[in-house]
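Visitor: Please take one part of this model and look at it closely. I would like the packing around it described, followed by whatever else helps to place it.

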Amino acid sequence: MNEYTYPILFGVTIGTLARIIILKTDYRQYPTYLHGKIIHIALGFIAASLGAVAVPAIMEKEFTAVTFLTIAASQFREVRNMERGTLTEMDGYELVPRGNTYIEGIAVAFESRNYLVIFTALFVTMAYLIWNVYFAIFVTIICFLLIKKYMSGSTLGDIVSIKEATVSFDGAGLYVDNIYIMNIGLPARQADIMKYGMGFVLTPKNFDVRSTIANLGQRQAILHDVSISLGVIRDSGTPALVPLIKRDLDDGRIGVFVLPQDKDVKKAIKVISSVPVLENAIRMPSESKAQNKE
């Protein structure tokens with residue numbers, strides 16, 4: 001044992017705890033119990049070890065030893081590829097798929113959280129070595145608060161207004177409010193849709209949101225989350241019974257048509273409000289130079 005042993009152990013422990021805190025299995029049931037969590041906790045331990053060891057290496061002027069962080073970065077990119085591949089394979093067996101945009105967002109989150117663990121372990125170990133264990137505990141609290149705050153982004157409830165809308169037919173055309181959804185010609189299927197279907201209209205709160213909710217990946221994420229949370233009245237081989245979202249071309253609103261097993265309006269609105277705004281779907285047309293030109 002030497003003067004670096006306790007700081008490194010402290011940094012590794014805190015970094016691993018940070019990974020455990022931000023590793024959550026939610027309604028999407030991913031990562032799965034138990035083996036999926038073990039994989040990510042093990043990777044978090046490796047990331048924490050890399051961050052904690054980097055500080056003593058710099059203090060001992062072993063600058064070449066820090067280059068292993070670049071190797072770590074390439075390894076954690078493989079984590080992203082692994083998650084992307086796994087979720088893409090699983091998506092083919094979902095009644096209502098996540099979609100590629102949602103999958104990419106989840107994969108990026110898993111990669112970035114390993115970097116959060118590295119920085120947490122690095123800062124905590126640095127505080128221990130430069131000052132003392134009490135200051136390291138103070139830095140730990142700050143890191144945990146920042147991780148808790150930034151581990152998730154905004155949700156749809158922040159950017160749109162959500163209200164229930166009437167599901168109706170005009171001939172063979174299915175409408176949610178006045179937004180056309182699809183064409184259903186069979187009377188039996190029309191009866192099923194009127195029995196089980198629910199409609200919601202999402203109104204953007206500003207001009208930028210129009211482009212964000214128009215993204216097909218963001219729309220698919222809404223349908224997937226609602227179907228996972230409330231169930232879905234459909235099976236393979238029933239193309240007419242499929243949740244859909246269509247856009248009002250005039251004002252940018254979107255009509256959401258779902259077939260939930262639990263027809264609870266308040267719960268459905270809460271689920272839609274909680275759908276994450278996908279980073280890859282966010283658009284800011286108002287920030288363009290053309291828009292700002294006087």
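Guide: Ile228 counts as partly exposed, because its relative accessibility is 33% and the partly exposed class lies between 20% and 50%. The model is a predicted one. Ile228 sits in helix α8. From Ile141 the residue is separated by 87 positions in sequence, and the C-alpha to C-alpha distance between Ile228 and Ile141 is 35 Å.

Helix α8 spans residues 216–230, and its axis comes within 9 Å of the axis of helix α9, residues 265–274. The two axes cross at roughly 135°, which makes α8 oblique to α9. An angle over 145 degrees would be needed for the roughly antiparallel class. The crossing of α8 and α9 is right-handed. On the α8 side the contact is made by Ile222, Asp225, Val226, Ser229 and Leu230; on the α9 side Lys267, Ala268, Val271 and Ile272 take part. Sorted by class, the α8 and α9 contact holds six nonpolar residues, one polar residue and two charged residues.

A second helix pair can be set beside this one. Helix α2, residues 35–59, and helix α3 have axes that come within 11 Å and cross at roughly 165°. α2 and α3 are therefore roughly antiparallel to each other, and their crossing is left-handed. From α2, the contact draws on Ile39, His40, Leu43, Ala47, Leu50, Val53 and Ala54. From α3, the partners are Phe68, Leu69, Ala72, Phe76, Val79, Met82 and Glu83. By class, the residues of the α2 and α3 contact are twelve nonpolar, one polar and one charged.

Phe76, one of the α3 residues in that contact, leads on to the aromatic residues. The model has six aromatic pairs. In one of them, Phe76 and Tyr115 are arranged edge-to-face, with 5.9 Å from centre to centre and 85° between the planes. This pair links distant parts of the chain: Phe76 belongs to helix α3, residues 68–91, and Tyr115 to helix α4, residues 100–130, with the two positions 39 residues apart. Phe76 is buried at a relative accessible area of 2%, whereas Tyr115 is partly exposed at 24%.

Another edge-to-face pair is that of Tyr175 and Tyr180, at 5.6 Å centre to centre and with 70° between the planes. Both members have their own accessibility values: Tyr175 is partly exposed at 24% relative accessibility, and Tyr180 is partly exposed at 38%. Elsewhere, Trp131, Phe135 and Phe138 form one aromatic cluster.

One loop position completes the account. Asp248 is found in the loop between β6, residues 244–247, and β7, residues 254–258. Asp248 is buried, because its relative accessible area is 11% and the buried class covers values under 20%. Leaving aside residues up to four places away in sequence, Asp248 touches Asn178, Ile179 and Arg253.

To return to the starting point, Ile228 is a partly exposed residue of helix α8, and α8 crosses α9 in a right-handed sense.

Methods: Residues are numbered from 1 along each chain as its sequence is written. This is a predicted model: local features need pLDDT of at least 70, side-chain atom pairs count only at pLDDT 80 or more; totals for chains, interfaces and linings use all residues. Side-chain values use heavy atoms; hydrogens and water are left out. Axes are lines fitted to C-alpha atoms, for helices over the stretch in contact, and angles run from 0 to 180 degrees between N-to-C directions. Helices (H or I, at least four residues) and strands (E, at least two) are DSSP runs, numbered from the N terminus. Angles under 35 degrees count as roughly parallel, over 145 as roughly antiparallel, 65 to 115 as roughly perpendicular and the rest as oblique. A crossing is left-handed if the near helix is turned anticlockwise from the far one by less than a right angle, and right-handed if clockwise. Contact means heavy atoms within 4.5 Å. Ala, Val, Leu, Ile, Met, Phe, Trp, Tyr, Cys and Pro count as nonpolar, Asp, Glu, Lys and Arg as charged, and the others, Gly among them, as polar. Rings of Phe, Tyr and Trp (its six-membered ring) pair if their centres lie within 6.5 Å; planes under 30 degrees apart count as stacked, over 60 as edge-to-face and the rest as tilted. Buried means under 20% relative accessible area, exposed over 50%, partly exposed in between (1.4 Å probe, protein chains only).
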